[in-house]
Amino acid sequence: MKERRIVLGVSGSIAAYKAAELVRCFVRGGNDVRVIMTAGACEFINELTFRTLSRNPVGIEMFPAAAEWKPDHMSFAEFAEVLVVAPCTANVLAKAALGLSDDLLSCTILACRAPLVIAPAMNENMWKAPATQANVQTLQARGVRIVMPGSGDLACGWQGEGRLAELELIEAAVAEALDAG
Ligand SMILES: Cc1cc2nc3c(=O)[nH]c(=O)nc-3n(C[C@H](O)[C@H](O)[C@H](O)COP(=O)(O)O)c2cc1C
């Protein structure tokens, strides 16, 4: 995977710290990486981490004070050769399935024509909830690549399904999406 333009969306999961390593892997591979954080993600990890590791400004605000003429969600959407959301919360998954666009990440997902890769991470009950499973099916039917969560210790103290997939699996799904595109 060389010199591709990757947009990484990070949402408000306890697994958000793992996205920092994902950025490092993408950058090490020679890719140009831009990160979008939800307000939820900013509760778990600092924007400075992603700015430094990606070597690019990070998108957070839908309506930034000092804006370029072009809306940020359109800039990110046009830049992306692949859009990957990792970790993806139940909330962002649901918004993507419904086509909601009330923040920078969801607006970019809706505006972007590049392949979409989603790596969900959440508590087992949230993952197995019929609403979440229906949203997964809706997205898969549209051609979205879902990198299924793994099983094991969950940060909420539970054991079960819902852990963010291993980073190698996410990288492989991104590479496959780029190859297919
Ligand atoms: C400690 C903690 C951990 C959380 N971890 C997750 C998680 O792994 N996955 C998830 O879907 N929601 C998780 N949540 C709930 C989300 O942060 C919450 O739904 C938030 O509104 C998501 O916002 P976003 O989707 O815009 O990032 C967690 C909340 C807390 C307080």
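For a chain of 181 residues, a compact globule would have a radius of gyration near 16 Å, and the protein chain here has 15 Å, which agrees with that expectation. I should say at once that this is a predicted model. Along its principal axes, the C-alpha trace spans about 45 × 35 × 30 Å. The protein chain contains eight helices and seven strands.

Let me turn to the helix packing, beginning with α1. This helix covers residues 16–28, and it packs with helix α8, residues 167–180, at an angle of about 50 degrees, the two axes being 11 Å apart. How should we describe α1 relative to α8, oblique or roughly parallel? With that angle, α1 is oblique to α8, because angles under 35 degrees count as roughly parallel and 65 to 115 as roughly perpendicular, while 50 degrees falls in neither range. The crossing of α1 past α8 is right-handed. On the α1 side, the contact is made by K18, E21, L22 and C25, and on the α8 side by L167, I170 and E171. Sorted by class, the residues of this contact of α1 with α8 are four nonpolar, three charged and no polar.

Helix α1 also has a contact with α2. Helix α2 comprises residues 47–54, and its axis and that of α1 come within 9 Å and cross at roughly 10 degrees. The helices α1 and α2 are therefore roughly parallel to each other. Which residues of α1 meet α2? They are A20, V23, R24 and V27, and their partners in α2 are T49, F50, L53 and S54. The contact of α1 with α2 divides into five nonpolar residues, two polar and one charged.

The third pair is α4 and α7. The axes of α4 and helix α7, residues 130–141, come within 9 Å, with a crossing of roughly 50 degrees. That angle makes α4 oblique to α7. Here α4 passes α7 in a left-handed crossing. From α4, the contact involves A90, L93, A94, A96 and A97; from α7, it involves A131, T132, N135, V136, T138 and L139. By class, the contact of α4 with α7 has eight nonpolar residues, three polar and no charged.

Helix α4 leads us to the ligand. Which helix gives the most to the shell around the ligand? It is α4, residues 90–98, with three residues. There are 15 residues around the ligand, and those that come nearest are G12, S13, G40, T89 and N91. In terms of class, this shell has eight nonpolar and seven polar residues, and no charged residues.

I close with two points of backbone geometry. The first concerns a proline: the peptide bond from A86 to P87 is cis, with omega near -5 degrees. Where is P87 found? P87 is in strand β3, which covers residues 82–88. The second concerns R55, which has a positive phi of about 65 degrees although R55 is not a glycine. On the chain, R55 lies in the loop between α2 and α3, the latter being residues 72–79.

Key
Residues are numbered from 1 along each chain as its sequence is written. This is a predicted model: local features need pLDDT of at least 70, side-chain atom pairs count only at pLDDT 80 or more; totals for chains, interfaces and linings use all residues. A residue is near a molecule or strand if its C-beta atom, placed from the backbone, lies within 6 Å of it. Helices (H or I, at least four residues) and strands (E, at least two) are DSSP runs, numbered from the N terminus. Ala, Val, Leu, Ile, Met, Phe, Trp, Tyr, Cys and Pro count as nonpolar, Asp, Glu, Lys and Arg as charged, and the others, Gly among them, as polar. Axes are lines fitted to C-alpha atoms, for helices over the stretch in contact, and angles run from 0 to 180 degrees between N-to-C directions. Angles under 35 degrees count as roughly parallel, over 145 as roughly antiparallel, 65 to 115 as roughly perpendicular and the rest as oblique. A crossing is left-handed if the near helix is turned anticlockwise from the far one by less than a right angle, and right-handed if clockwise. Two residues are in contact if their C-beta atoms, placed from the backbone, lie within 7 Å. The radius of gyration is taken over C-alpha atoms; the globule rule is 2.2 Å times the number of residues to the power 0.38.
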